[in-house]
Amino acid sequence: MHDDTALLSARLDRFLRDRLEPALHRDAVPLDVTAWHVPDEPVPFDEAAGQSFEPFPIGTRWGAPWSTTWFRVTGEVPAAWQDGAPEGTRVEVLVDFGYDPATPGFQAEALAYRPDGTPVKSLHPRNAYVPWRPERDGARVDLLLEAAANPDVAGGYSFAPTPYGAKETAPTDPLYRLTRLDLTLLDVPVWELVQDVITLRGLAHELPAQSQRRHEILRALEDALDAVDPDDVSGTAQAGRDALAPALARPASASAHRILATGHAHIDSAWLWPLRETVRKCARTFTNVMTLMDEHPDLVFACSSAQQYLWMKEHHPRVFARIRQKVAEGRFVPVGGMWVESDTNMPGSEAMARQFVAGKRFFLEEFGVECEETWLPDSFGYSAGLPQIAVAAGNRWFLTQKISWNQTNRMPHHTFRWEGIDGSRVFTHFPPADTYNSDLSAADLARAERQFAEKGRATRSLVPFGWGDGGGGPTREMIAQAHRTADLEGSPTVEIGSPRQFFAAAEAEYPDAPVWSGEMYLELHRGVLTSQARTKRGNRRNEGLLREAELWSTTAAVRTGSSYPRAELEDAWHTVLLLQFHDILPGSSIAWVHREAERRHDEVTATLQRIIDRALAALAGEGDTAISVNASPFARDGVPALAGGTVVAAAAPVSVSTPTAGEPAGDVLDNDLVRVVVDHGGRIASLRSHADGREAIPAGSPAAALRLHRDLPNLWDAWDLDAHYLRTVTELDDADERRIERGDDGSATVVTVRHLGVDRDEPTVIEQRVTLRPGADAVDVTFDIDWHERKKILKLAVPLDVHADRIAAETQFGHLFRATHVNTSWDAARFEACQHRFAFLGEPGYGVAIANDATYGYDVGRATRADGGTTTTVRFSLLRAPLFPDPDADQGHHRLGFRLRPSSTIADAVRLGYQLQSPSRALTGAGDIRPLVSSSNPAVVVETVKPAEDGSGDVVVRLYESLGGRATTRLTLDATTTGATLTDLLERPLEIQDAVTGADGEVELEFRSFQIRTVRFAGVGIA
């Protein structure tokens, strides 16, 4: 018998499209529709329900972009349906808002309410029905549909520049047309037949062409087609199912791959829609899932992000009440234990820790549930500091899928242990189905089995299934596929369950899983380290201010008895954590999102400045003594760490002179510690420390040089920076203006100004300032930029006369080393990477530290000079100008700062980063402010000083070893305490306490490299 697969497939497609699907509903009666259009932003149910609704005929257009229309749907259930649907049917309200079902989550969506305000179910392109049980719901249909006219900003995944990303630029014409709103009878046997056909047809397609099983399925499908009468589909559907039953009954082989399928709906907390729309997407999806749970008792739904649960508690309390019930049943499963599914590359140390502290606290307090898995399927790479943070928070497992997007190298494992910079390991799984939005199709299941890298060692993988981003989550069709493949020959076996079930079983069967050490770098989306610089600057600024606000408020509460602003700081933290979501902080959202992020960061900044000023005023007391306040964990300018001291006499002013013979033309700035030559283009032609006199800058290759590149990503604008950008460059050597300024503090600054695109209506203006201050061991380079380029990236190049095969870059609670060469494909693919507050380039006995105040992306390269020496150039990505999803991304004013220190160590780099983020504050008062906390070893950094989360009045101190080696320190709390305890991040006592010794507020602590330790001092009594 020849293989007539193509012909049969065509016949199946036609039969499904033209015969079976039209027969899914036996009968339909139209419902009456009225509508009220919300004038502006969405309103609560009670406000909408009281409005005047006008008739709205089927076929009428509705929904300007981002608008909301409330539809009221009424009608009588036909008498023949009122005592229960006819045999083999279910009554449903069927709605078609006129959307394109090809893009669920990027179309119109609605939430159906009963007249009393109870949410019933949501409506989506692939989930367009509301079940109506006459015997339960009554003989009269009465529903209110809150319909959101969300535009398809992605343009059907074309990702072209669009005006839809903000209300003020979006067109105002209606997007949709109401095409159907009926009460219908779903023909259950026909629906079941469709699911049978889809399962077997998909499986046949995935089986080997000449396999017996494949041809057996094809013959069964052929028989089913023959058994179904196209003129009486309803009456013969069961005959078709009977023809397929033997093929569906064949059990899977004992060696079949085992898949645990967990319901899921990856909802980006903001992306191509604003934050307020995410609140509604969550309400719609969660309602949909719980309604589906009532019909399918085996459905388990995994849902991350404490913020999204909090939104339900605040805005949709009835939805939240149902969630509580389903969580108690073990079917609606909180996962991840984080505030949001954040970016993990750019959040700072304490912010990354607080993602877990805030998230896990919420789940414990609201549901009594502790998440043990870190759930980050979609973030853009995973920092080397993350394993330790997750483990310190009590997490055992880690899941992501995003690394499957790598462009060059494939991760060698799907199940393994991931090791962080301190040696902590977390059991990790990558779903080999390569999706976190599976529909449990045969293609997804076969891909999981085919790609699973642990064959022969492990047997199972996890598949999250459900439409995400407002697509409604799991569907009854997906559950049907899971049931049919639970034990089916030729297919992996599928069991619906929770992530905890999967991880416990996977770890038990694979105790000796291989180890991946260091960061999990995503070989894609490298541009997110730079896009939307104002959002990133707000994040860095507020991370520093939160640290200060907690430090000074805690110190003030202990010293003066003032009240600790717990509620204000918690709100500030929650805002910053939310804005670290993996499409907000990375700069890959629409204009609406980023303008709101900038506004909310400014509000947080204002709040934190008030809190800091209030606390310092209390600490300083009344008086006219000039005080310098140092929030850095390192002493500076005669002031101890974490303290305030009287202002010391200023050092001699910086001298300005001309270069000596043989040096580049320009100006020499000298403060007797550092000597800087600034050329006529404003670049640093020479940089030396008087301590050793060694030149940091290669001859002829000045540092602080600006380079402008074309930035034309192959795929996604805001996300990607492709290597070909390096092929074209414009060196911004010359300056249009140049001057020298002297500061009141004795500093000297060389100011240069450049103008780009002077023939445009809005040229780019770059003011570059190179400043040396009295007594400083480093030089500052700052930029004020009015940016109006398009599809360009601006880089700051710092060539250094240092031979190093690796560069250190700060990450959470430490730093990691990356190659400066491209020996391997892994090195070559990492051509743009992340650093936090510093990068350090060193060779034995000499190094240069470069700190920054708001820049994350950088690259590094080496070149051999004519004299045989090596120039290593570090290039920092300052600004981009992508056109999608925000066509005006980064346009306007930016301020960026850097600090370069020659003759440095890694310890200098750590210190430099903290000091740039937390500059000294000047105030007047009665005198010195003693440090509340101190560490005797500068290698052990005090990152956080705060009250305990539980309101007990205890003081919590978080420290870490910063240099990458073993260390011991004496931690001192200058306050009355009843004892100290080592805790996890959630401030719960650790089992092992023997490392804590001493009394009277002093403890001796030992650290391994980059280890985080949290110490809780009891009995302090903070109000």
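**Helix 9, its surroundings and the salt bridges of the model**

The twelve residues of helix 9 should span 16 Å at 1.5 Å a residue, and the end C-alpha atoms of the helix are indeed 16 Å apart, so expectation and model agree. The model is a predicted one, and helix 9 makes a convenient starting point for a walk through it.

Five residues of helix 9 are listed as buried, namely Val-319, Phe-320, Ile-323, Lys-326 and Val-327. Viewed down the helix axis, these buried residues fall within an arc of 120 degrees, and they therefore line one face of the helix. The general geometry helps here: an α-helix has 3.6 residues a turn, so residues three or four places apart point the same way. On the other side of helix 9, Pro-317 and Ala-328 are exposed. The partners of the buried residues come from several elements: they pack against strand 8 (119-123), helix 7, helix 8 (306-315), strand 15 (332-334) and helix 10 (349-367). Just after the helix, Gly-330 adopts a positive phi of about 80 degrees.

Helix 9 also takes part in a charged contact. The side chains of Asp-294 and Arg-322 form a salt bridge, with 3.2 Å from N to O. Because Asp-294 sits in helix 7 (residues 275-295) and Arg-322 in helix 9 (residues 317-328), the pair ties together parts that are 28 residues apart in sequence. Arg-322 is partly exposed, at 22% relative accessibility.

In total, the structure holds 107 salt bridges. A second example that links two helices is the one between Arg-534 and Glu-598, whose closest N and O atoms are 3.6 Å apart. Arg-534 belongs to helix 15 (residues 533-560) and Glu-598 to helix 17 (residues 591-620), so this pair ties together parts that lie 64 residues apart in sequence. The two partners fall into separate accessibility classes: Arg-534 is partly exposed with a relative accessible area of 24%, while Glu-598 counts as buried at 15% relative accessibility. Salt bridges with shared partners also join Asp-40, Glu-41, Glu-109, Glu-146, Lys-167, Arg-276, Glu-277, Arg-280, Lys-281 and Arg-284 into one network. Elsewhere, Asp-182 is bridged to Arg-180, with 2.8 Å between the closest N and O atoms. Here Asp-182 is buried, at a relative accessible area of 15%, and Arg-180 is partly exposed, at 28%.

Nonpolar packing forms the next part of the picture. In soluble globular proteins, nonpolar side chains tend to be buried together. The largest nonpolar core of this model has 189 residues, of which Trp-70, Phe-286, Met-312, Ile-323, Phe-332 and Met-520 touch the most other members. Helix 17 supplies the largest share of this core, eleven residues. A second, separate core contains 52 residues, among them Val-781, Leu-800, Val-802 and Val-874. Ile-323, one of the buried residues of helix 9, thus reappears among the core members with the most contacts to other members.

Burial is also seen in strand 20 (residues 460-465), where six of six residues are buried. Both faces of the strand are covered, with Arg-460, Leu-462 and Pro-464 buried on one side and Ser-461, Val-463 and Phe-465 on the other. Strand 20 runs parallel to strand 13 (residues 258-263), and six bridges join the two. Within this pairing, Gly-263 has Phe-465 of strand 20 as its bridge partner.

Note on methods
Residues are numbered from 1 along each chain as its sequence is written. This is a predicted model: local features need pLDDT of at least 70, side-chain atom pairs count only at pLDDT 80 or more; totals for chains, interfaces and linings use all residues. Side-chain values use heavy atoms; hydrogens and water are left out. A salt bridge is a side-chain nitrogen of Lys or Arg within 4 Å of a carboxyl oxygen of Asp or Glu. Buried means under 20% relative accessible area, exposed over 50%, partly exposed in between (1.4 Å probe, protein chains only). Helices (H or I, at least four residues) and strands (E, at least two) are DSSP runs, numbered from the N terminus. Two strands pair if DSSP finds at least two bridges between them. A nonpolar core is a set of buried Ala, Val, Leu, Ile, Met, Phe, Trp, Tyr and Cys residues joined through side-chain atoms within 4.5 Å. The expected span of a helix is 1.5 Å times one less than its number of residues. The arc is that of the directions from the helix axis to the C-beta atoms. Contact means heavy atoms within 4.5 Å.
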